[in-house]
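User: I would like to practise reading sheets and buried residues in a model. Could you walk me through some cases?

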Amino acid sequence: MASSPSSSSCSGLKPDLTCSVCLDYFQDPVLTRCEHTFCRRCVQEFWRQQRRNICPICRKICPSDHLLRNRALAGVIDSLRRQEDAQLCGQHRQHRSFFCHEDQELICCQCRDSARHRTHPVIGIEEAMARYKEGIESTLNSLQDRRTRCEGLKSKSEKYMTRLQEWARQTECQIKNSFRKLHIHLNDEESYLIQQVRQEERDSSRKLQNMTEEVFQELRILRNNIHEIEMQMKDGVLNLKGLKDIQARLAHTLPTPVLIMHKVPFGKFSGPMEYRVWKKLRKLLDTVPATVTLDPDTAHPNLVVSADRTSLRLANTELAHDVCSKVSLEPCVLASEGYSSGCHYWEVEVSGESWALGVSSRSALHNGHLTLTPQSGNWPLTFRNGEYECFYPLHTLPAPGKPHYIGVFLNLDRGYLSFYDAENMSHIFTVPSKCSEKLYPCFVPPSSGKAMSIAHSERWEPSVTRGVSTSCPGGSRGLEGRWSET
């Protein structure tokens with residue numbers, strides 16, 4: 001029976017790994033001064049039988065204190081022994097040269113003839129290797145494919161980690177730059193206002209000081225005149241001519257201190273300071289709320305658009321389809337304004353449920369209908385049953401309450417669309433929105449017939465009260481008598 005490749009290689013190495021004294025594998029191999037290797041016990045026993053310590057091979061004299069352990073050779077022999085032990089039958093200590101199909105294990109010749117394996121189909125190792133080679137190679141290929149996929153996932157994970165770290169650094173830098181710009185403006189505005197107050201204080205103080213000196217001068221004159229009159233009356237002699245002069249001087253007195261206080265500019269700096277600063281900060285905004293109007297030519301026949309093209313509602317709710325049917329959005333209308341670059345933000349006043357809004361290309365619109373897939377150039381956010389529904393990928397997000405204003409931010413430079421609860425600017429969802437066509441804001445009003453309105457610019461003024469009135473078809477916009485059928 002042919003031996004296995006490993007056993008052949010072991011037998012080929014055995015002469016080089018055999019002690020010339022005991023003719024077996026080296027045990028604790030040592031190196032003599034003449035560079036011959038023996039088992040330590042073998043060479044020491046040989047020297048005890050000799051008059052001098054001579055090498056068993058070359059007969060040179062070798063001092064006993066110069067025996068050096070051959071660590072490299074000892075390691076090779078230990079490894080070889082472990083390989084041979086793995087090939088030997090644990091029961092009979094013979095080479096396992098056969099393969100039992102029944103028990104799927106390697107056996108030796110005595111195991112093959114034993115009662116346990118005598119009735120089992122047994123073949124040689126080489127034949128078994130040939131039979132199982134295809135299965136082993138298939139398993140190996142499968143493992144290699146899995147390894148390749150894992151390496152690919154590892155590479156992607158590392159790339160995503162790098163992108164995440166880079167995004168975090170860029171976003172942090174962007175936030176710092178934005179707030180640094182605001183801080184600089186606020187600090188400059190603060191310094192300017194403080195300088196204005198101090199200048200007003202200096203100017204008013206100077207005026208007040210001058211007027212106070214004039215009053216003091218007048219007081220001195222009055223005291224002198226009073227003293228002079230009192231002295232004349234005390235002596236019983238009145239100088240009528242002097243009295244006339246005193247009365248003439250009294251007719252030209254200075255204004256009283258009460259009049260001076262009315263000239264101090266208290267009201268100039270005691271107004272709505274935060275509002276004044278906020279108005280100036282708006283000039284620093286890179287993205288200001290866009291002016292959006294509806295395009296009646298794109299509206300579904302069942303939609304009613306207001307005369308000022310800022311509100312819409314369903315004319316007949318019985319004909320309305322489910323806005324979250326996962327098949328299409330209808331009825332809908334697009335805005336007149338389209339965008340192909342830059343950053344744009346607008347807000348929409350919503351009420352009720354089963355509404356949708358987002359952006360869409362004109363090619364995705366068919367008779368007032370929108371196909372509800374990003375592949376069609378349509379990226380909506382819907383709301384129903386107290387949940388937001390997003391379609392990239394399709395999933396739902398719980399809403400903490402019914403939203404009143406939804407903010408939509410379209411960043412075409414970086415290719416994404418974000419939705420916010422505009423009451424507190426909490427983030428709802430972000431979706432990639434790359435499209436070769438121009439994108440238009442799109443609107444689907446509530447299926448209940450309530451109005452959906454584009455938030456007017458006064459909403460972004462901090463002093464405006466955000467009250468919602470639903471007593472008319474136009475919601476808070478007061479559109480009674482201003483609806484026009486499209």
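Analyst: Happy to! This is a predicted model. Let's begin with an open sheet of three strands, ordered 2-1-3 and paired in the antiparallel sense. Strand 2 (37-39) and strand 3 (68-69) each have a single partner strand, so one side of each is left without a neighbour in the sheet.

User: How do strands of a sheet pair in general, and how many bridges join strand 1 and strand 3 here?

Analyst: In general, backbone hydrogen bonds pair the strands of a sheet, in either a parallel or an antiparallel way. Here, strand 1 (residues 29-31) and strand 3 are antiparallel and share two bridges. Look for Leu 31, which stands opposite Leu 68 of strand 3.

User: Which strands does helix 2 lie across?

Analyst: Helix 2 (residues 40-48) lies across strand 1, strand 2 and strand 3, and runs at about 90° to strand 2.

User: What is the strand order in the other open sheet, the one that includes strand 4?

Analyst: The order is 5-4-6, again three strands with antiparallel pairing. Strand 5 (105-107) and strand 6 (122-124) are its edge strands, each pairing on one side only. On average, neighbouring strands in this sheet are turned by 35° against each other, direction ignored. Three bridges link strand 4 (residues 98-100) with strand 5, and Phe 99 has Leu 106 in strand 5 as its bridge partner.

User: Now a single residue: is Asp 421 buried or exposed?

Analyst: A residue counts as buried under 20% relative accessible area. Asp 421 has 13% relative accessibility, so it counts as buried. Asp 421 belongs to strand 19 (residues 416-421). Beyond its neighbours within four places in sequence, Asp 421 contacts Tyr 405, Ser 426 and Ile 428.

Note on methods: Residues are numbered from 1 along each chain as its sequence is written. This is a predicted model: local features need pLDDT of at least 70, side-chain atom pairs count only at pLDDT 80 or more; totals for chains, interfaces and linings use all residues. Side-chain values use heavy atoms; hydrogens and water are left out. Two strands pair if DSSP finds at least two bridges between them. Helices (H or I, at least four residues) and strands (E, at least two) are DSSP runs, numbered from the N terminus. Contact means heavy atoms within 4.5 Å. Axes are lines fitted to C-alpha atoms, for helices over the stretch in contact, and angles run from 0 to 180 degrees between N-to-C directions. Buried means under 20% relative accessible area, exposed over 50%, partly exposed in between (1.4 Å probe, protein chains only).
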